[in-house]
Amino acid sequence: MCYVVCREIDLNAVVIAPEPRHRLEIDMTRCLYPACTACLMYCPAPGSIVETGSGRPLVPPPPEAWAEPRRWPRGAS
Amino acid sequence: MPRPNHPLVQEFLDAWVYPVGFSGAGADFRLRMTARCLPVWNGATARAVKASVADQRTAGDAWKIERALAGYALEGPQMSIKQMATQLLSVSLAQQAEYIDLQRMRARQVWDEMKHGQLNADVLLRGGWIKREDELMEDVRANAQDNLAYFGLTSMFLHIHPLARAAQNYFVEAIAYLGITAALQTLEDPLIRHQMRSQQLEELMHFMEGKYQLDAYALTPEDQKPIEEAFDFLLKPWATKMSVAFGGREPEGSGR
């Protein structure tokens, strides 16, 4: 789901590795965290995304990650 | 004053329902629909807890067999796989580019449902209650479930709107996740636990797909209307029945 969400908002920071296990990686040169946290809200795998440096698990997301100013505005095109 | 949520439902809400990645009409719509789902989510969870406690106290294997047969009928070839296959057709060729990620989610769920059916067959095989999966074709309990009206309309979602299915993913898959979570609190049988642990997060995934589709795509009254109509149907008291597989057994002496 992180791949789908990131693709939908046109950041494309989630990369699917070409090796057989198709691991998902986050491209830190494209990811806008902590300004953007949209993917965290749709990941169903507890603990699978962690904060670089602190190692803090972000799934399920802590309340500050989905505070109003961090939500991605979404309207009909 | 509103009744408090069941503790498992409250945990589910705080961790998975209320966190929202988008602002806008889709997320607002989802929270309105959530309020409608809550009474059923609470009731189903309480019932799943009760059924699990009763099963845990029951000697013998009958309850394990009953759960696995019901799971095979619900999640296996007779229902979920067919449902998801039809949902791939709800997106017209002209809409493929717009909804390609929705199509990817549905294709992935076809595989999940295949796996879930197989997990229930595995319980019966590894428990020694059948020798081969094809024996299940002779047992009506493995091939029919008590959700016929629901099955009918979910098959018809494809005729309504590409997003109508999101209501099922949001409302029903949450019940599956909550039912499994409730059962895992109590049931100790390793076969049943293996089956449930192997699909618990995938049920959560299916719920998330509904959540995402509502937040990201249900942005106009025109898009919300067919989804709300699907919720209207699913929330009818006779439309959605909780499967025995997820702890929905009728209480003894209920007369139903």
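## A residue in a loop of chain B

Two residues are in contact if their C-beta atoms, placed from the backbone, lie within 7 Å. Keep that in mind while we look around this predicted model, starting with a single spot in chain B.

Where does B:Val91 sit? You'll find B:Val91 in a loop of chain B, on the stretch that links helix 4 (80-87) to helix 5 (100-126). Leaving aside residues up to four places away in sequence, B:Val91 touches B:Gln96, B:Tyr99, B:Leu102, B:Gln103 and B:Pro162.

Why does B:Val91 count as partly exposed? A residue needs 20 or more other C-beta atoms within 10 Å to be called buried, and 12 or fewer to be called exposed. B:Val91 has 19 such neighbours, so it counts as partly exposed. As for B:Gln213, 122 residues away along the chain, its C-alpha atom is separated from that of B:Val91 by 14 Å.

## Chain A on its own

Now over to chain A. Its make-up is one helix and three strands, and if you read along the sequence the order is α-β-β-β. The radius of gyration of chain A comes out at 13 Å, close to the 11 Å that the globule rule gives for 77 residues, so chain A is as compact as a globular protein of that length.

Picture a box of roughly 40 × 35 × 25 Å, taken along the principal axes: that's what the C-alpha atoms of chain A fill. Of the 77 residues in chain A, 27% are buried. And what about contacts between residues with a separation of 6 or more? In chain A, 34% of those involve residues 24 or more positions apart.

## Where the two chains meet

How many residues does each chain bring to the contact? Chain A puts in 21 residues, and chain B puts in 21 residues as well. On the chain A side, helix 1 (2-8) and strand 3 (72-73) each supply at least two of the residues that touch chain B. Helix 1 of chain A gives the largest share of that side, with four residues. Sorted by type, the residues of chain A that touch chain B come to 14 nonpolar, two polar and five charged.

There's also strand pairing across the two chains. Strand 3 of chain A and strand 1 (residues 22-23) of chain B run parallel, joined by two bridges. Which residue stands opposite A:Pro73? Look at strand 1 of chain B, and you'll see B:Ser23 in that place.

Definitions and conventions: Residues are numbered from 1 along each chain as its sequence is written. Chains are lettered from A and ligands numbered from 1 in the order in which they are written. This is a predicted model: local features need pLDDT of at least 70, side-chain atom pairs count only at pLDDT 80 or more; totals for chains, interfaces and linings use all residues. The radius of gyration is taken over C-alpha atoms; the globule rule is 2.2 Å times the number of residues to the power 0.38. Ala, Val, Leu, Ile, Met, Phe, Trp, Tyr, Cys and Pro count as nonpolar, Asp, Glu, Lys and Arg as charged, and the others, Gly among them, as polar. Two strands pair if DSSP finds at least two bridges between them.
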